[in-house]
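I open this notebook to keep track of what I look up, entry by entry. The sequence and the model go in here before anything else.

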Amino acid sequence: GANGTIIKYNGTNWIPQTIDTTETIGSIYSFVSNGADIYALGDIEWQGETDRYIGYLKNSGVGDTWTFENTGILSRKGKKRLPVYSATSLNNIVYAVGKNGVVLNFDGTTWEDMSEDVSVTDNLYGISAGSSNVIIVGSSGRKIFYDGENWQTENKWSSWSNLTDGSAFTLSRGTTSIEYFA
């Protein structure tokens, strides 16, 4: 929630979580699990000595304490802040998307900025993983497909069937889209 508030339901009560930082944490937009670890991403910045970086929160699945960590990726290009709006996990890799075409991946050790590979400047609001593919959706009807090796971008919603492994399809009409992952 606002100001980095995280609460967890234990089956009976909502319990506030501990975050070990004095940094200001904005809204948290997405949670994603990767093995035992849970990551919280959103409007979170890590103040370095001279620059600000995209930050994230990590819970290793034990207890109610979240650690505040730095991706190593600058959170501002020019004067634009780059919050992360959505995240997913595929094959033990976390993928995250956000403002101004931000696309990140995390292999459990290192964050990588894949924004130049995708090469869009639209806000990217949603990301979902199938059995071996990732689909990203964004403003202006933007859809981006990743098969693990190559990025494919479309500027308009369209029908898409029989993706690389046949595990996903999209049905579209106007600005409405339904996606299915097997």
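In which element is serine 115 found? I find serine 115 in helix 1, which covers residues 115-118. I am working with a predicted model throughout, and I keep that in mind when I read any distance from it.

**Entry: serine 115.** I looked up the accessibility of serine 115 and noted a relative value of 8%, so I count this residue as buried. I then checked its side chain for partners and found that a polar contact of 2.5 Å joins it to the side chain of aspartate 113.

**Entry: the whole chain.** I stepped back to the protein as a whole and listed one helix and 19 strands. Of its 182 residues, 42% are buried. I also looked at the contacts between residues at least 6 apart in sequence, and of these 35% join residues at least 24 apart.

**Entry: confidence.** I noted a mean pLDDT of 75 for the protein, with 71% of the residues at 70 or more. For residues 157-167 the pLDDT is below 50, although in the model this stretch has 37 contacts beyond near neighbours in sequence.

**Entry: aromatic rings.** I asked how many aromatic pairs the structure holds, and the count is eight. One of them is formed by tyrosine 39 and phenylalanine 106, with 5.4 Å from centre to centre and 80 degrees between the planes, and this pair is edge-to-face. I traced the two partners along the chain and found tyrosine 39 in strand 5 (residues 37-47) and phenylalanine 106 in strand 12 (residues 103-106), so that the pair, with its members 67 residues apart, links distant parts of the chain. Tyrosine 39 has a relative accessible area of 1% and is buried, while for phenylalanine 106 the value is 2%, and this residue is buried as well.

Why do I call the pair of phenylalanine 106 and tryptophan 111 stacked? The ring centres of phenylalanine 106 and tryptophan 111 are 4.6 Å apart and the planes stand at 20 degrees, and I call the pair stacked because planes under 30 degrees apart count as such. Like phenylalanine 106, tryptophan 111 is buried. I closed this search with the cluster that the ring pairs make, which links Tyr39, Tyr56, Phe106 and Trp111.

**Entry: nonpolar cores.** I went on to the largest nonpolar core, which has 15 residues, and noted that Leu41, Leu104 and Trp111 touch the most other members. Strand 5, strand 6 (52-59), strand 10 (84-90), strand 11 (93-98) and strand 12 are the elements that give two or more residues to this core. Another core, of 14 residues, lies apart from it, and its members include Tyr95, Leu124, Ile144 and Trp151.

**Entry: valine 32.** I located valine 32 in strand 4, residues 25-34, and with a relative accessible area of 7% it is buried. Which residues is valine 32 in contact with, leaving aside its neighbours within four places in sequence? I listed Asp37, Ile38, Tyr39, Leu41, Ala87, Thr88, Ser89 and Val94. For threonine 88, which is 56 residues from valine 32 along the chain, I noted a C-alpha separation of 5.8 Å.

**Entry: strand 16.** I reminded myself that side chains in a regular strand alternate between the two faces of the sheet. In strand 16 (residues 143-146) I found both faces covered, since Lys143 and Phe145 on one side and Ile144 and Tyr146 on the other are all buried. Strand 16 runs antiparallel to strand 15 (residues 134-138), joined to it by four bridges, and I see isoleucine 135 opposite phenylalanine 145. The two strands form a hairpin with four residues between them, and serine 140 in the turn has a positive phi of about 60 degrees.

I then turned to strand 17 (residues 151-154), which is antiparallel to strand 16 and joined to it by four bridges. Lysine 143 stands opposite glutamate 154. The hairpin of strand 16 and strand 17 has four residues between the strands, and in it glycine 148 takes a positive phi near 100 degrees.

**Entry: phenylalanine 68.** My last look was at phenylalanine 68 in strand 7, residues 65-74, where a relative accessibility of 8% makes it count as buried. From C-alpha to C-alpha I noted 8.3 Å between phenylalanine 68 and tryptophan 46, which are 22 residues apart in sequence.

Conventions
Residues are numbered from 1 along each chain as its sequence is written. Side-chain values use heavy atoms; hydrogens and water are left out. Buried means under 20% relative accessible area, exposed over 50%, partly exposed in between (1.4 Å probe, protein chains only). A polar contact is a pair of N or O atoms within 3.5 Å; within protein, one must be able to donate a hydrogen and the other to accept it, and residues adjacent in sequence count only if both atoms are side-chain atoms. Rings of Phe, Tyr and Trp (its six-membered ring) pair if their centres lie within 6.5 Å; planes under 30 degrees apart count as stacked, over 60 as edge-to-face and the rest as tilted. pLDDT is the predictor's confidence in each residue, from 0 to 100. Contact means heavy atoms within 4.5 Å. A nonpolar core is a set of buried Ala, Val, Leu, Ile, Met, Phe, Trp, Tyr and Cys residues joined through side-chain atoms within 4.5 Å. Two strands pair if DSSP finds at least two bridges between them.
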